[in-house]
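Me: I've got this model open and want to check the labels people put on it. Can we go through a few of them together?
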Amino acid sequence: MTDDDRTDQTPKSYRPIDAKGFREFISRGWGPVDRSVSVPEGLAEAAAEHRRKLAAALPGRRIALAAGRAPVRSNDTDYQFRADSDFVWLTGCQAEGSVLVISADGDATLYLRETAGPDEADFFSNARDGELWIGPVPGLKDWSDALQIACRPIEELPAAVRGAVPFMLSVPGVEPMLDALVRTSPTDGNALRQTLAELRRIKDEWELDQLREAVAASVLAFGDVARELPQAIRGGGERWLQGTFDRRARTAGNGVGYASIVAAGNHAPVLHWVRNDGAVNEGDVILLDAGVETRTLYTADVTRTFPASGEYTAAQRQVHDLVHKAQLASLDAVKVGAPYRAFQYEALRVLAEGLRDWGVLDVSLDELLGPDGQQHRRYIVCGTGHYIGLDVHDCDASRPEAYFAGTIEAGMALAVEPGLYFHPNDETVPPELRGIGIRIEDNVVVHQDRLEILTEDLPITTDGLEQWTRSHLGK
């Protein structure tokens, strides 16, 4: 046998896209599919009102915002796409690569990628976006019907952004068509983000309902985690508890709203323990900081610290009781017209007093709370609250005078979360306190005459959490 004979017998591979028979055959014989967009009642109306507020805040300005694209995880695989929060607030749309344009007159148009049909190569050859690979995708009419907004093909975006009136842009670097606009027109993305953040501080009733839904699902997920404590102790560890919460979050909503913190034992004092790869032991407390994100992308942010066995040790109870006292003082300070910093100050004041009474700090209270003291912050270096909403730390682009240096208003949704964190190698505290981390985090809504505690179904006292844990353990 010659070398030429061997070559002739080598199997050949043909690309379907180049084969006329394949192209003709795959383009026909497809029945109808459901492309409809399912959105909760009131979403389209809420988004339209949000656009109206933005147009009123920036009269005569042209505005463009992009939904964004999924970042690359590795090589040719991406992370799951999650649309930009400001974009979602204005549209209710979660279509990757879409762009909202608001004209100087306040008219809004959504530009999206139209679905490739069976007669187009993208239908079968585009593994990232083709329907044969990823399933049916809503088209322009489907989005327009669901969101009650004009929708146009993304290819028309260049024509839409031409003109003499400058644009205010966000998310440059995501959409090439908008990048070109950045190079040719004066833009002010930071001012746009700031304006949106400050508008989003005050939630409307539709948004508050989304947060109530997120919290309710999170409360159920906390119960799921408590029931799985025996399996975690037997060997599943923190990973098992994280997976338990994630399963509820994915079933009841879009998923988790942020990287869950499942911190057992000595990991509990670590503020952002998101590795969640440790063991769970019988005498540990579990600091669980996690929140379900709804399908409309509003997230809860809840923390409870409960005993794996159903009973706190004396030292764990001592720390938890002080944090509970700080939480009550903090919640009492959340009211319309109060300085935003008031509830933060009250929490820190109670914690500083407690640490001083324990003898952990041998400093006067005046010095501790003064600008040149603050020694107590060693054990709570983080803040004790923030806005919640579409982002777990919502509205961060607001000006200081509209946030930390501002006042509390009706319609604000907040997470209130004092804590104490004694690291296992911290020799400034007694040995029995080392390795204890306690945080209580409630989600609240400020009303004109009252404070609505969304997380009230989860207890916050030591006795209440012991009973709650034991009830889920079947004890």
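Reply: Sure, histidine 324 first: it's found in helix H13 (residues 314–332), a helix here being a DSSP run of H or I with at least four residues, numbered from the N terminus. Mind that this is a predicted model, where local features need pLDDT of at least 70, side-chain atom pairs count only at 80 or more, and totals for chains, interfaces and linings use all residues. Residues are numbered from 1 along each chain as its sequence is written, and side-chain values use heavy atoms, leaving out hydrogens and water.

Me: Why is histidine 324 called buried?

Reply: Its relative accessible area is 15%, and buried means under 20% (exposed is over 50%, partly exposed in between; 1.4 Å probe, protein chains only). So histidine 324 counts as buried.

Me: What does histidine 324 touch, not counting residues up to four places away in sequence?

Reply: Ile440, Ile460 and Thr461, with contact meaning heavy atoms within 4.5 Å.

Me: Why are H3 and H10 called oblique to each other?

Reply: Helix H3 (residues 43–57) and helix H10 (residues 189–200) pack at about 125°, axes 11 Å apart. Angles under 35 degrees count as roughly parallel, over 145 as roughly antiparallel, 65 to 115 as roughly perpendicular, and the rest as oblique. The pair is therefore oblique.

Me: Which residues of H3 and H10 meet?

Reply: Lys53, Leu54 and Ala57 in H3 meet Leu192, Thr195, Leu196 and Leu199 in H10.

Technical notes
Axes fitted to C-alpha atoms, helices over the stretch in contact; angles between N-to-C directions. Helix = DSSP H or I, 4+ residues; strand = E, 2+ residues; numbered from the N terminus.
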